[in-house]
Amino acid sequence: MSTSPKPVKKVPIHLQSAANRVYIKNGEIVNHDKSFKADVYIEDGIIKFVGPPSEITIPGGVRTIDASGLLIIPGGIDPHTHMQLPFGGAVAVDDFYHGTKAAVAGGTTMIIDFVLPNKHESMIEAYDKWRSWADPKVCCDYGLHVGITWWSKSVSEELGILCKELGVNSFKTFMAYKGLYQLNDSDLLDVFERIRQLNGVAMVHAENGDIIAKNTQRLLAEGINGPEGHELSRPEEVEAEAVHRACVLAHQMKTPLFVSGLTSKSSAELVGRARRSGYCVFGETLASSIGRSMSGVAKGERIYYITSPPIRESAETPRQLMKSLAYDDLQLTGSDNCTFNKDQKAKGKGDFTKIPNGVNGVEDRMSLVWEKGVQAGLLDPCRFVAVTSTNAAKIFNIYPQKGRIAVGSDADIVIWNPNATRTISKDTHHQACDFNIFEGMTVHGVCEFVLVRGRICAERGQVRVAEGFGRFIPTPVRPPFVYDIIEGKVQSAVQEDHPEERQNGGGNSVAKKFAELDIQIPIQEPISAMLAGNLAMPAEGSLCSTPSVRGRVDGKHDMQQSSFSISEELDRGGVRACIKVKNPPGGKSSGFW
C-alpha cells in the first residue's frame with residue numbers, strides 16, 4: 001500500500017492520542033495473499049502498525065489482546081443483504097440495527113445492502129429512503145447497491161447522479177420477478193451500456209422470469225400450491241440459462257458483470273467458463289446454499305426455506321459450490337439475509353407465490369464458509385479471507401480501506417479461533433427472526449473478538465454494539481480490480497493466443513474486433529448434460545482470477561511454513577481426475593494481479 005502511512009516505530013507516549021487504542025499481540029495475520037506472524041496496533045479506528053513487537057513502543061492506557069494461537073483476519077464484508085426490506089406485503093424483521101448487530105456477532109464488519117425502488121419510483125428518492133432507515137441504526141459500516149427495476153431516460157440520468165454524487169458504483173438488474181422487477185433483454189443491453197459509460201459494476205439476479213411465470217401458472221392449475229411448487233417453477237436449468245444469457249449480454253456491451261446469489265452447480269460452472277474465456281464476470285454464492293440443501297427438510301418445514309433462486313434439493317450442491325469457490329469459478333460469498341418470521345411465511349400457505357422470499361445468514365456466513373471450506377479441506381485460510389472479505393472490497397472499490405490487515409486500513413478486525421466450535425440455534429443467535437435454517441449445526445470457526453473501526457464490539461460471545469455507530473461507505477466508480485481487465489491493463493489468456501492481433505490492431509481496429517469474436521463461452525455440452533454432472537474439471541488460471549493455494553493444514557497457521565494440498569478423485573462423465581495443489585516456493589499463496 002504505497003499511499004498508506006509508514007508503520008509507527010518507537011513513538012513517544014506524549015505524541016499518542018488517548019482515543020481508541022488497541023494492541024493485538026502474538027497472533028497470526030491472514031490476508032488474502034499471505035499469512036505471517038505480527039502484532040497490530042490500532043488508534044482512532046485505523047491500523048497504525050503491523051510488525052514485530054520490537055519495532056513499536058506501546059503507550060499507556062492501551063487495551064492489549066493476546067491472540068496467541070489465534071488468527072487475525074480482516075472483518076467480513078457481506079455484499080448481499082436486505083435489511084427491513086418490504087416484500088409482498090411484509091417487511092423483513094431484521095432491520096438495520098438487528099441485522100448489523102447479528103453481522104458483527106458473526107465476524108462481519110460491513111454489509112452492502114440493496115436499495116430496491118418500486119417500478120416508476122425515483123432511484124434517488126429510494127436511495128434517500130434507505131439512507132434514512134440505515135444511518136440511525138447501523139452498528140457497522142455499510143454501503144449500498146441500487147436496483148434498476150424499470151428503465152427510462154430519467155433512470156439513466158439518475159444513474160449518473162448516484163455514481164458521481166452519492167457513492168454508488170453497483171446496480172442490480174433482474175431477469176426474474178416478471179411484472180415487478182424483470183427487465184427484457186433490450187432494456188438489459190441499454191442498462192449495461194449505461195453502467196459501462198459510468199465505469200460502474202452491473203449486477204444481475206439471473207433466472208428466466210418468463211419460464212418461471214409459465215411454470216407457476218401451470219403448477220397452480222394442477223393444484224400444486226405448496227412450497228414445493230416454488231422450486232418446481234424455477235429448476236436449475238432456468239437459473240443456468242439466465243446466467244449464460246446475462247454473461248453474453250454484458251460481454252457485448254463490454255460491461256463488468258457480478259452474478260448475484262448463484263445456487264446451482266451448473267450456473268457456477270457457466271460463470272467459470274465465461275471467466276476462462278475472457279469475460280469480465282464475477283460470481284457470488286450464498287451462505288444458505290453452501291450451508292445446507294433441501295434434502296431431508298420435512299414437507300411442513302419447507303415454507304421457511306423459500307429463496308430465489310431456491311436452495312437446491314441435492315445434498316451434493318453445497319460441496320460443489322464450495323469447490324467452485326476453491327477453483328475461482330466463484331469469487332464471493334454473501335448471505336442474501338432477508339428474514340421473515342414464521343407467521344409472515346405462513347401467509348403463503350396454499351399459494352407458494354405469496355411466500356415472502358428470504359432466510360437468515362448474515363450472522364452465520366463466516367463460520368459456515370470456514371466449516372464447509374477450510375475445515376473440509378477445500379479452502380486455505382487465505383482463500384477464506386478472499387471469498388468472505390477481500391474480493392468484495394476489491395470489486396466494489398473499497399480496498400485496501402476494507403478487506404485487509406495493513407497500515408492505513410480501517411481497523412475492521414476479527415480475532416478468529418479456527419479450532420473452537422459453536423452450535424447454531426435460534427435460541428442464541430442475534431437475529432430478530434424466530435427460526436434459523438441452520439438450526440443444530442455445529443461449526444468450527446468462532447470469533448473471539450470483533451473490532452469495528454477499532455471499537456471492540458464482540459468479545460468471547462458478548463456483543464456490545466452501538467446503534468448508529470456505523471458509517472455509510474461510498475463505493476467509487478472504476479474499481480481497478482475490475483476495469484484493468486476491461487481496459488486491457490491486465491493481459492488475458494485470449495490476448496496471449498492472438499499476439500498478431502495485438503500487434504496489428506489498434507484500439508478500435510477491425511482486426512481487434514474480429515479477434516474479439518473468438519471470445520465466447522464454450523458450450524461443449526448441453527445444459528441437460530451439465531445438470532447430470534457430466535462436465536470436465538475447470539481449468540486452473542482463469543481471467544479475472546483471484547488464485548490462491550487451495551487446501552487445509554491441520555494444526556498449522558503459518559502459511560509460510562506449511563504445504564497445502566487437496567487430493568480427491570472426481571468422476572464426471574466417466575473421466576477421473578486427481579487434483580494436487582502445493583504452495584509455491586516460499587509458501588506464499590498467489591495474490592491478485
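A salt bridge here is a side-chain nitrogen of Lys or Arg within 4 Å of a carboxyl oxygen of Asp or Glu. By that criterion, the side chains of Glu121 and Lys129 meet in a salt bridge, at 3.3 Å from N to O. Please keep in mind that this is a predicted model. The points below gather the salt bridges, a pocket, a lysine annotated in UniProt and some backbone features.

**Salt bridges**

- Searching the whole structure turns up 30 salt bridges.
- In the Glu121 and Lys129 pair, Glu121 counts as buried because its relative accessibility is 16%, under the 20% limit. Its partner Lys129 is partly exposed, with a relative accessible area of 29%.
- Arg63 and Glu459 also pair up through their side chains, with 2.8 Å from N to O. Arg63 belongs to strand S6 (residues 63-66) and Glu459 to strand S20 (residues 455-459), so this salt bridge ties together parts that are 396 residues apart in sequence.
- The two ends of that bridge fall into separate accessibility classes: Arg63 is partly exposed at 35% relative accessible area, whereas Glu459 counts as buried at 18%.
- Another salt bridge brings together the side chains of Asp484 and Arg478, at 2.9 Å from N to O.
- A network of salt bridges links Asp141, Lys402, Asp410, Asp412, Arg453 and Arg471.

**The second largest pocket**

- If you are looking for a cavity-side view of the model, the second largest pocket has a volume of about 560 Å³.
- Its lining is made up of 28 residues, and those nearest the centre of the pocket are Phe87, Tyr177, Leu180, Thr353 and Asn357.
- Two or more lining residues come from each of strand S9 (86-87), helix H2 (123-134), helix H5 (209-221) and helix H6 (228-233). The largest share, four residues, is supplied by H5.
- By residue class, the lining of this pocket divides into 14 nonpolar, nine polar and five charged residues.

**Lys172**

- An unreviewed UniProt entry lists Lys172 under "modified residue: N6-carboxylysine".
- Lys172 sits in strand S13, which covers residues 170-174.
- With a relative accessibility of 3%, Lys172 counts as buried.
- Leaving out residues up to four places away in sequence, Lys172 touches His80, Phe114, Val146, Gly147, Ile148, Met203, Val204, His205 and Ser260.

**Backbone features**

- Ser308 and Pro309 are joined by a cis peptide bond with omega of about -10 degrees. Pro309 is in the loop between helix H9 (287-291) and helix H10 (317-327).
- A cis peptide bond also joins Tyr399 and Pro400, where omega is about 5 degrees. Pro400 is in the loop between helix H13 (381-395) and strand S18 (413-423).
- Tyr177, one of the residues nearest the centre of the second largest pocket, has a positive phi of about 60 degrees although it is not a glycine. Tyr177 lies in the loop between S13 and helix H4 (185-197).
- Lys254 is not a glycine either, yet has a positive phi of about 55 degrees. Lys254 is found in the loop between helix H7 (236-252) and strand S15 (257-262), and is partly exposed with a relative accessible area of 43%.

Note on methods:
Residues are numbered from 1 along each chain as its sequence is written. This is a predicted model: local features need pLDDT of at least 70, side-chain atom pairs count only at pLDDT 80 or more; totals for chains, interfaces and linings use all residues. Side-chain values use heavy atoms; hydrogens and water are left out. On a 1 Å grid over the protein atoms alone, a cavity is a set of points where a 1.4 Å probe fits but cannot get out, and a pocket is an open set with protein on both sides within 12 Å along at least five of seven lines; lining residues have an atom within 4 Å of a point. Grid points are joined across faces, edges and corners, and a volume is the space filled by probe spheres set on the points. Ala, Val, Leu, Ile, Met, Phe, Trp, Tyr, Cys and Pro count as nonpolar, Asp, Glu, Lys and Arg as charged, and the others, Gly among them, as polar. UniProt positions are given in the numbering used here, feature names are shortened, and annotations may be inferred rather than shown by experiment. Buried means under 20% relative accessible area, exposed over 50%, partly exposed in between (1.4 Å probe, protein chains only). Contact means heavy atoms within 4.5 Å.
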